[in-house]
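User: Could you take me through the ligand site in this one? I'd like a close look at what surrounds the ligand and where the contacts are.

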Amino acid sequence: MSVIVEPELLEKKLFIGGEWVDSESGEVFEVRSPGDGSLVGTVPKGTEADVQRAIEAATQAQKVLAAMSVRRRAELLWRAFEIAQRRAEGDAITLCRECGKTITEARSEVSHYNNPHYIEAAEGLKRFRGAVHPWTQSDSTDKRIVVTREPIGVVGIISPWNWPADIPNIAASHALAVGDAIVFKPASTTPFSVINLAEVYEEAGFPPGSVNVVTGPGTTVGAELVRNPGTNAIHFTGETATGEYLTQIAGVKRLLLELGGNGPLVVMDDANIDAAVEAAIVGCFYLAGQVCTASERVLVHRAVHDEYVEKLAARTGKLRVGNPLDEATDMGPLNNVANARKVQEHIDDARERGGEFVCGGTIEGLYCQPTIVDGVTSEFLMARDETFGPVAPIMTFGTIDEAIEIANETPYGLQGAAFTSSLRTAWLLGEGIKCGTVHINDTNNTWDQLAPFGGFKKSGLGRELTNYVMEELTEVKQITFDLSKVR
Ligand code: NDP
């Protein structure tokens with residue numbers, strides 16, 4: 001059963017200084033649903049001049065925000081939460097249509113991941129602490145040091161299409177909480193989820209200019225946001241190659257980079273096999289594999305290989321691929337043609353190298369069948385690079401040292417996972433796998449909103465969620481006092 005009959009055509013504008021306005025280019029571009037190619041709507045094709053206007057508005061509004069009491073900012077965020085909850089179903093349908101994730105996944109992104117950010121930011125703000133150093137290294141006993149934090153200023157938020165509401169709102173909610181103003185630049189295939197966030201903040205009553213949205217190409221609008229000296233910090237989530245380019249044009253400003261992954265899922269010979277199969281189903285096929293935390297490589301101990309692959313294939317065969325708006329669909333399409341080409345390239349490479357296709361391996365339009373490739377070795381493209389599609393490459397190992405070596409042989413280090421029933425093996429894998437997170441006996445494709453999130457190596461710079469992202473979005477300030485100079 002499909003959830004909507006007659007989808008509304010969306011025609012949205014830029015949001016600058018509290019007004020919904022056209023781009024100075026006068027141009028718009030179309031957004032089409034990856035599910036069936038239908039028109040979702042249009043948004044303005046912003047320019048560098050629009051970015052400049054948005055940064056100027058944010059700079060003025062930031063002073064207003066920073067002068068507000070903490071209690072007031074927290075109240076606005078709570079109000080935003082209530083508004084977002086009220087809109088949740090409509091926002092999930094829009095997200096489903098523009099992104100292509102299933103309606104179940106879209107509802108989960110909106111209600112389970114995105115909407116709690118407003119509350120976490122409001123409450124985290126109240127618990128954000130500085131420090132007082134009651135003594136110093138000076139000979140004088142009259143010196144004191146206070147370490148406090150101030151808003152960093154204007155934050156540019158450049159976001160991808162795979163989590164088009166949740167990811168930009170991690171930065172947005174926490175930036176607004178600490179008194180920063182923001183300029184959003186959403187992914188061009190999924191701009192409406194960010195526009196929905198801006199509508200929520202507007203209705204909640206945030207001062208005009210504290211939230212701005214400029215839609216348009218990454219290469220012009222996104223790059224200008226990074227290059228422009230008016231932004232003090234950039235929260236960027238996207239491909240490693242784009243992130244590396246941004247480090248070259250940013251100049252001296254805070255960069256929080258959440259980049260690509262190639263997560264290993266290690267299945268030891270003492271693992272709970274059924275649980276490890278379910279972990280790969282979520283890890284490899286959730287959102288058609290288009291998640292930075294996905295299980296991009298499944299490393300299976302030789303002793304349990306046959307049983308594991310057989311059970312994984314049986315479970316994969318039950319997945320229903322189709323229209324993302326259909327409640328019964330387990331896996332929707334890939335989001336865009338460029339990503340489909342990359343997945344195809346990895347599949348072709350695996351065929352040429354003699355990979356054994358246990359199931360799947362075909363792409364029609366944007367729909368890729370859930371694919372299991374056995375006999376993958378470190379030379380395969382899918383073992384070296386991020387595939388970002390519904391593919392489970394099976395690699396085999398014989399010892400824990402071998403598993404750790406394979407797990408760490410890519411330039412990425414976002415999330416790893418391992419299944420074992422031995423506490424000792426769990427510790428060794430937890431410590432040995434070089435990733436920002438290692439889940440023991442859980443899928444790669446999960447994260448806790450109250451824990452630090454981010455990558456080692458080429459998977460990123462900095463950590464987000466809770467106080468970790470607030471630290472990234474504030475400046476540390478030290479104020480010293482000499483009590484001997486006063487009566
Ligand atoms: P891209 O790097 O292609 O795009 C991300 C964003 O950057 C988009 O808004 C894009 O705009 C913009 N952009 C593109 N080029 C530039 C540029 N030259 N200057 C400034 N901005 C630019 O990534 P995808 O959207 O394809 O997202 C998928 C990637 O994101 C995967 O590698 C995935 O692993 C990673 N990711 C990482 C996460 C993490 O937390 N580590 C979480 C989610 C995804 P436009 O759309 O207009 O091109």
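Analyst: Here's a walk around the ligand, from its place in the fold down to single contacts. Keep in mind that this is a predicted model.

Start with the location: the ligand sits in the largest pocket. The elements that supply two or more residues to its shell are helix 7 (218-227), strand 11 (233-237) and helix 8 (240-249). Helix 7 gives the largest share, with 4 residues. Zooming out to domains, domain 1 (10-259 + 459-477) and domain 2 (263-440) both contribute residues to the shell, so the ligand lies between them.

Now for who's in that shell. There are 32 residues around the ligand, and the ones that come nearest are Ser159, Ser188, Thr242, Leu259 and Glu386. By residue class, the shell splits into 16 nonpolar, 12 polar and 4 charged.

If you're setting up contacts, here are some polar ones. Ser188 uses its side chain: an N or O atom there is 2.6 Å from an oxygen atom of the ligand. With Gly218 the backbone does the job, as one of its polar backbone atoms is 2.9 Å from a ligand oxygen. Leu259 also works through its backbone, where an N or O atom lies 2.7 Å from a nitrogen atom of the ligand. As for how covered the ligand is, taken alone it exposes 900 Å², and the protein buries 88% of that.

Leu259 ties a couple of these threads together: this residue is among those that come nearest to the ligand, and its backbone faces a ligand nitrogen at 2.7 Å.

How values were computed
Residues numbered from 1 in each chain as written. Predicted model: local features only at pLDDT ≥ 70, side-chain atom pairs only at ≥ 80, totals over all residues. Heavy atoms only, no water. Near = heavy atom within 4 Å. Polar contact = N/O pair within 3.5 Å; in protein donor to acceptor, adjacent residues only side chain to side chain. Areas by Shrake-Rupley, 256 points an atom, 1.4 Å probe, with all protein chains shown as cover. 1 Å grid on protein atoms, 1.4 Å probe; cavity = no way out; pocket = protein on both sides within 12 Å on 5 of 7 lines; lining within 4 Å. Sits in = over half its atoms within 2 Å of the grid points. Nonpolar A, V, L, I, M, F, W, Y, C, P; charged D, E, K, R; others polar. Domains from an automatic or database assignment.
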